[in-house]
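Here's a quick tour of one model, taken in two stops: a bit of strand pairing, then the ligand site. Have the structure open while you read.

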Amino acid sequence: MNIIVPVKQVPDLVEELEINEDGTDLDRDYLSYKLNEFDEHALEEALLLKEEHGGTVTVIAFEGEDTDKALYTAIAKGADRAVKITNDLPPGTPNHVLAKALASVLSGMEYDLILTGVQAADDRDGQLGVLLANYLDVPHVSVVSGVAPNNGAVTVQKEYAGGVMAEFEVDLPAVLGVQAARQTPRYAPVSRVRQVMRQAEIEEVEASDTEAEVGSSIRRMFKPEKGAGAQMLEGSPEEIAEQIIKILQEKGIKK
Amino acid sequence: MSQDVFVVAEHLQGKIDDVTYELLGKARELAGQSGGHVVAVLMGSGIQDQAGSLGAADKVLYMEHAALENFNPESYAKALSHILEQNKPRLTLIPNTSMGMDLAAAVSVKNNLPLVAYATDVQFDNGQVVATSQLYGGKINVESVLEGDSSVVSVLAGSFPADAGKQDGSPAVETVAAPDGLDQTRVRFKNLIQPEGGDVDITQQDILVSVGRGIQSEDNLPMVEELAEALGGALASSRPIVDNKWLPKTRQVGKSGLKVKPKLYFAVGISGAPEHIEGMKDSELIIAINTDPEAPIFEVAHYGVTEDLFDVVPALTEKLKS
Ligand SMILES: Cc1cc2nc3c(=O)[nH]c(=O)nc-3n(C[C@H](O)[C@H](O)[C@H](O)COP(=O)(O)OP(=O)(O)OC[C@H]3O[C@@H](n4cnc5c(N)ncnc54)[C@H](O)[C@@H]3O)c2cc1C
């Protein structure tokens, strides 16, 4: 099975995020980026499928912050090909535009399956995978946590709430929005990534279509009220522990 | 072009999900402003009687077809696209749930409608639809203006009270014919898989100590488990802990896990992503330990601690035991 995994760098959410002066984007000067965690799962699932059933894995990403590093890391993990889309599409470009551009690139490629992360931290205008599938006119299932080939189709599990899952059979080619790979995404040692950077090549392509109707724009970005309800407890760990016990006693949770 | 506000009803195993009522309540308010009607869209097979529970709507559009018996990303998207094409409502609200994710972006492309996702609020402002989305793991809110005279907003579950949308009544039910070829799909529903029962039912516990990725390693779990024991409660967790197979799925709180409402929810090293908050925000007392003062968990917590969990948790356990 030939699998394509589009991946995206997103701001690292563990860092402090600041908003720019006119309040319509993040202040991107000091942001650190990392691969969208659900894309990590999509890549892992693709590599597992390749190991079990053969085929190839191609990772594809838009040019941007640390894109090369992300692509080389994917090769170090076992991807066969890395492709970079070189159009000038700055971070924060709406997903409709990215999906349309990806569709124009992918329609010239051979694939059975496209695995995307189910969502990303900055998907304001909808999830990339579902948009992409509809531009390509191929079937899609999102929130997937299990994929198995089945006579030219795939059997997938889609998660609902409360641990209930639905099983679907999906004709290929198809797009799946991966929630979780069957195992924790593998890790590529830095030495291996360095080696790949010397040996492997990233292919470059230009998307022919970056015109999508988005139909919405950002008016304002703001941080939620900090600790809107939370009263902060301070002091040494022991003092904090005493305050917590007092609260629990007052609420009748602890005698 | 109508001024109506459409709500896509979500159902599983013959039961309408609460998120539908949350959206219906909001739609009532919005339709009051736009001067249109609230229309619930119900797609399924043999569930026409469910329309009676959608009394907050003025009208229910019901599409009955064998291909709609169980949710199917392809047949449902086709059906919804057909309904929106025929009706062109001012605004369509879709739950930003597992099912809704497969619909909202699909009809956005199929019907060329603007879409804003992850919304926690929707308003009409000077005749325009304005939606506020919770992005970046709940750390940033983004207000978007949607253009055009018909658009789609997908709304996070738990954003509005369900009570406002739970009204008795018998809305007019209009049956809509299914589009041709609805059963010719490339996606086929096979079956539902029910979760395995666990040792502990976390939805029935008064006290939950819930652990997140801040715990770093499986080896550190006993430390948190000890705290749970000292408090007389059970251990729960965020999703990554379950994905790592450190705890069984039955311990997962959130959108794709369980919804809990204990007397005490003690969150340890959990950031408070919207998908997690959805499952625990109605807990009576929430205490959170997280070194990041901007962690969204502090927006729903009653008490917060920004110290290292590896210092506070053992100190608390010891004091509770003595
Ligand atoms: C469709 C879908 C459904 C989902 N369903 C669920 C669900 O049901 N439940 C769920 O939980 N998630 C769910 N998620 C995942 C969710 O988006 C988040 O990825 C997840 O909740 C993050 O878990 P976390 O808070 O444990 O990890 P992180 O977000 O990584 O947070 C770890 C936190 O620990 C803090 N920390 C680190 N070290 C320390 C320390 N020493 N002391 C104190 N604090 C520390 C950090 O500051 C950070 O805030 C879902 C996602 C999708 C797309």
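How many residues sit between E7(B) and E8(B) in their hairpin? There are 2 residues between these strands, and one residue in the turn, Asn126(B), has a positive phi of about 50°. Keep in mind that this is a predicted model.

## Strand E7 and its partners

Look at E7 (residues 115-125) of chain B. On the hairpin side, E7(B) pairs with E8 (residues 128-135) of chain B in the antiparallel sense, over 6 bridges. In that pairing, Asp125(B) faces Gln128(B) in E8(B).

E7(B) also pairs with E10 (residues 151-155) of chain B, this time running parallel and joined by 3 bridges. Here Leu115(B) has Val152(B) as its bridge partner.

## The ligand site

Now for the ligand. Its surroundings come from chains A and B, so the two chains share the site. There are 30 residues around the ligand, and the nearest are Ser238(B), Gln252(B), Ser256(B), Ser271(B) and Asn290(B). By type, the shell splits into 14 polar, 8 nonpolar and 8 charged residues.

## Polar contacts and cover

Two contacts reach oxygen atoms of the ligand: a backbone N or O atom of Arg213(B) at 2.8 Å, and a polar side-chain atom of His276(B), also at 2.8 Å. A backbone N or O atom of Leu309(B) lies 2.9 Å from a ligand nitrogen atom.

On its own the ligand has 990 Å² of accessible area, and the protein covers 90% of that. The elements giving two or more residues to the shell are H1 (37-53) of chain A, plus H5 (239-243), H6 (274-277) and H8 (309-321) of chain B.

Terms used. Residues are numbered from 1 along each chain as its sequence is written. Chains are lettered from A and ligands numbered from 1 in the order in which they are written. This is a predicted model: local features need pLDDT of at least 70, side-chain atom pairs count only at pLDDT 80 or more; totals for chains, interfaces and linings use all residues. Side-chain values use heavy atoms; hydrogens and water are left out. Two strands pair if DSSP finds at least two bridges between them. Helices (H or I, at least four residues) and strands (E, at least two) are DSSP runs, numbered from the N terminus. A residue is near a molecule or strand if one of its heavy atoms lies within 4 Å of it. A polar contact is a pair of N or O atoms within 3.5 Å; within protein, one must be able to donate a hydrogen and the other to accept it, and residues adjacent in sequence count only if both atoms are side-chain atoms. Accessible areas come from the Shrake-Rupley method with a 1.4 Å probe; for residues, only the protein chains shown count as cover. Ala, Val, Leu, Ile, Met, Phe, Trp, Tyr, Cys and Pro count as nonpolar, Asp, Glu, Lys and Arg as charged, and the others, Gly among them, as polar.
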